[in-house]
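Dear colleague,

I am passing on to you the structure that follows, together with an account of what was found in it. Please look through the sequence and the model before reading on.

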Amino acid sequence: MPKNSTLNALLVIGIWLSIQLAMPFEWNSSTISAAWADDDDGGDDGGGDGGGDDHDDDRDDDRDDDDRRGGSGSRSERGSSSEQSADTSRGQATPQAQITRPRAPVRLPANAPFEIVVSDLSPGDLAQLVAEGFEIQSIVALDNLNRALTRLTAPSGLTLEAARDRVRELPSGNSADFNHYYRFEQNEDAETSAQACWHENCPAWEMIEWPQLAQTVGTCTVRVPVGMIDTGINSDHEIMAGARLELIHLADASLAPSKAIHGTAVASLMTGDPQSRVPGLIHGAEIIAVDAFSRKGSDERADLVSLLRGFDLLKAHDVRVINLSLAGPGNRLLEEAIAQLVQEDGIVVVAAAGNAGPKGEPAYPAAYDTVLAVTAVDARARVYRKAQRGPHIDLTAPGVNMLSATSIRGARLKSGTSFAVPFVTAAVAIMLSNDPTLTPEQVRARLIGAAQDLGAPGFDEIFGHGLLNTRSLC
């Protein structure tokens with residue numbers, strides 16, 4: 001890690017300001033942008049809230065939680081057919097019922113177009129790139145990670161791959177990569193009904209032998225700050241009454257803010273009121289939540305720079321474990337930053353395996369060796385049908401039909417690898433509270449050693465080392 005990153009950052013900013021004064025066009029000088037997206041003249045794709053709202057009635061809970069369903073006004077769910085069929089019994093044509101056709105899958109962009117991000121670029125190399133037609137979009141200082149990120153726009157006529165490779169050719173440009181997008185990993189539709197218990201998530205707690213609330217006092221008290229990067233959170237939700245939750249917004253005010261849907265659901269699994277329908281696994285823990293997401297139409301995403309800024313903030317808050325219920329492409333800067341957090345700062349990073357299906361390519365950051373990759377199973381220990389697989393999978397945890405808080409009020413069943421991650425994060429938080437000297441590798445080894453084998457004997461690419469077991473946690 002360069003020790004003169006701060007000096008380099010100041011020199012780079014000086015060059016940038018000089019260029020800004022000399023150039024006839026306007027530079028975007030904001031260094032607090034959490035996420036970046038192209039302007040979209042088309043606006044929202046019609047999913048939206050559909051005029052719905054959260055309701056206490058479970059049958060209607062959190063209709064705004066599922067953009068794909070929409071409400072009565074959703075364009076995406078209404079048929080467009082105007083065909084008529086002949087009614088032979090009456091001898092006249094009658095209107096045929098509108099046919100709802102499944103929407104074609106939307107291919108979301110993997111990264112910001114035309115943009116390259118590089119860490120600790122020297123002033124000389126920056127000047128060279130500007131001379132070659134690269135444009136400086138912004139410079140973001142990550143003081144706690146001792147890094148300075150430079151966001152560059154590729155010259156016209158040069159492909160993004162060629163632009164990245166050109167930056168990597170420079171002495172200080174080896175870390176250059178695309179500004180990738182990362183999205184949360186969930187499926188809104190419940191697959192089966194939840195089993196009855198004193199609280200709806202009881203079957204999940206029981207299958208991993210999670211300690212009951214009465215046992216968590218003392219040896220199971222969380223004493224270390226827990227970090228998470230996700231969407232916004234409704235911290236006023238009745239399910240999270242009494243939670244020690246600090247929410248930090250990183251979103252650029254010029255962009256559409258994230259919805260408090262996914263983040264609220266994930267946070268509630270960890271810090272829900274013990275007397276509510278969704279008792280939190282570690283209700284009394286201090287949770288530092290970073291909202292790094294923004295929206296472009298119905299696409300809700302966090303870009304690379306937002307994630308790195310989130311890591312920087314969480315390190316400053318001395319968290320020992322970070323919950324990442326999100327996934328996206330592999331990225332050199334992301335890999336370097338996480339390796340630094342794990343290997344140098346002793347922070348355990350837990351991430352979702354991803355929901356692209358059994359044949360999906362490995363998702364990141366879960367696929368990095370330094371990260372604990374978590375997949376999901378239902379109450380009968382059957383793997384979630386959309387979960388990704390591979391040699392990087394470490395642990396399995398409950399993640400199907402998890403009752404969690406909605407964005408406004410009430411609760412709803414959720415499925416996805418996103419919702420398996422909080423179980424492992426909570427277990428890690430308790431382990432580190434009981435023994436703060438544990439390294440991330442020691443934490444991994446203990447979790448794997450206690451896991452219940454699933455599937456083929458020993459490690460396999462579906463369940464990893466097996467189902468999280470917390471019998472000896474307290």
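**Overall picture**

The secondary structure of this protein comes to 9 helices and 19 strands, and please keep in mind throughout that the model is a predicted one. Of its 474 residues, 55% count as buried. Among contacts between residues at least 6 apart in sequence, 75% join residues that are at least 24 apart.

**Helices**

Helix H5, residues 262-271, is largely enclosed by the rest of the structure, because 10 of its 10 residues are buried. Among them are His 262, Gly 263 and Thr 264 at the beginning of the listed stretch, as well as Leu 269, Met 270 and Thr 271.

Two other helices pack against each other: the axes of helix H6 (residues 304-316) and helix H7 (residues 332-343) come within 10 Å and cross at roughly 10°. Since angles under 35 degrees count as roughly parallel, H6 and H7 are therefore roughly parallel to each other. On the H6 side the contact is made by Leu 304, Leu 307, Leu 308, Phe 311 and Lys 315, and on the H7 side by Leu 333, Leu 334, Ala 337, Ile 338, Gln 340 and Leu 341. Sorted by class, this contact of H6 with H7 has 9 nonpolar residues, 1 polar residue and 1 charged residue.

**Aromatic rings**

The structure holds 2 aromatic pairs. In one of them, the rings of Phe 184 and Phe 293 have their centres 5.8 Å apart and their planes at 35°, so the pair is tilted. Phe 184 lies in strand S6 (residues 177-184), while Phe 293 lies in the loop between strand S10 (286-291) and strand S11 (294-296), so the pair ties together parts that are 109 residues apart in sequence. As for their surroundings, Phe 184 is partly exposed, with a relative accessible area of 21%, whereas Phe 293 counts as buried, at 0% relative accessibility.

The rings of Tyr 364 and Tyr 368 have their centres 4.7 Å apart and their planes at 50°, so this pair is tilted. Tyr 364 is partly exposed, with a relative accessible area of 24%, and Tyr 368, at 7% relative accessibility, counts as buried.

An aromatic ring is also involved in a contact with a charge, in that the charged end of Arg 301 sits over the ring of Tyr 181, 3.7 Å from the centre of that ring.

**Backbone details to look at**

Most residues other than glycine have a negative phi, and most peptide bonds are trans. Against that background, three places deserve a careful look.

Tyr 364, already mentioned for its ring, is joined to Pro 365 by a cis peptide bond, with omega at about 15°. Pro 365 lies in the loop between strand S15 (348-352) and strand S16 (372-377).

Phe 114 has a phi near 70°, which is a positive value in a residue other than glycine. Phe 114 is found in strand S3, which covers residues 111-119, and is exposed, with a relative accessible area of 56%.

Ala 381 is not a glycine either, and has a positive phi of about 65°. Ala 381 lies in the loop between S16 and strand S17 (395-398) and counts as partly exposed, at 24% relative accessibility.

**Two residues and their surroundings**

Leu 247 is found in strand S8, residues 244-249, and counts as partly exposed, at 23% relative accessibility. Although Leu 247 and Ala 289 are 42 residues apart in sequence, their C-alpha atoms are 4.8 Å apart in space. Leaving aside neighbours within four places in sequence, Leu 247 is in contact with Ile 233, Ala 289 and Asp 291.

Ala 260 lies in the loop between strand S9 (256-257) and H5, and at 22% relative accessibility counts as partly exposed. When neighbours within four places in sequence are again left aside, Ala 260 is in contact with Gly 232, Ile 233, Asn 234 and Ser 407. The C-alpha atoms of Ala 260 and Asp 291, which are 31 residues apart along the chain, are separated by 9.2 Å. Ile 233 is thus a name to find in the model, being listed among the contacts of Leu 247 and among those of Ala 260.

With kind regards

Terms used:
Residues are numbered from 1 along each chain as its sequence is written. This is a predicted model: local features need pLDDT of at least 70, side-chain atom pairs count only at pLDDT 80 or more; totals for chains, interfaces and linings use all residues. Side-chain values use heavy atoms; hydrogens and water are left out. Axes are lines fitted to C-alpha atoms, for helices over the stretch in contact, and angles run from 0 to 180 degrees between N-to-C directions. Helices (H or I, at least four residues) and strands (E, at least two) are DSSP runs, numbered from the N terminus. Angles under 35 degrees count as roughly parallel, over 145 as roughly antiparallel, 65 to 115 as roughly perpendicular and the rest as oblique. Contact means heavy atoms within 4.5 Å. Ala, Val, Leu, Ile, Met, Phe, Trp, Tyr, Cys and Pro count as nonpolar, Asp, Glu, Lys and Arg as charged, and the others, Gly among them, as polar. Rings of Phe, Tyr and Trp (its six-membered ring) pair if their centres lie within 6.5 Å; planes under 30 degrees apart count as stacked, over 60 as edge-to-face and the rest as tilted. Buried means under 20% relative accessible area, exposed over 50%, partly exposed in between (1.4 Å probe, protein chains only). A charge sits over a ring if NZ of Lys or CZ of Arg is within 6 Å of the ring centre and within 35 degrees of the ring normal.
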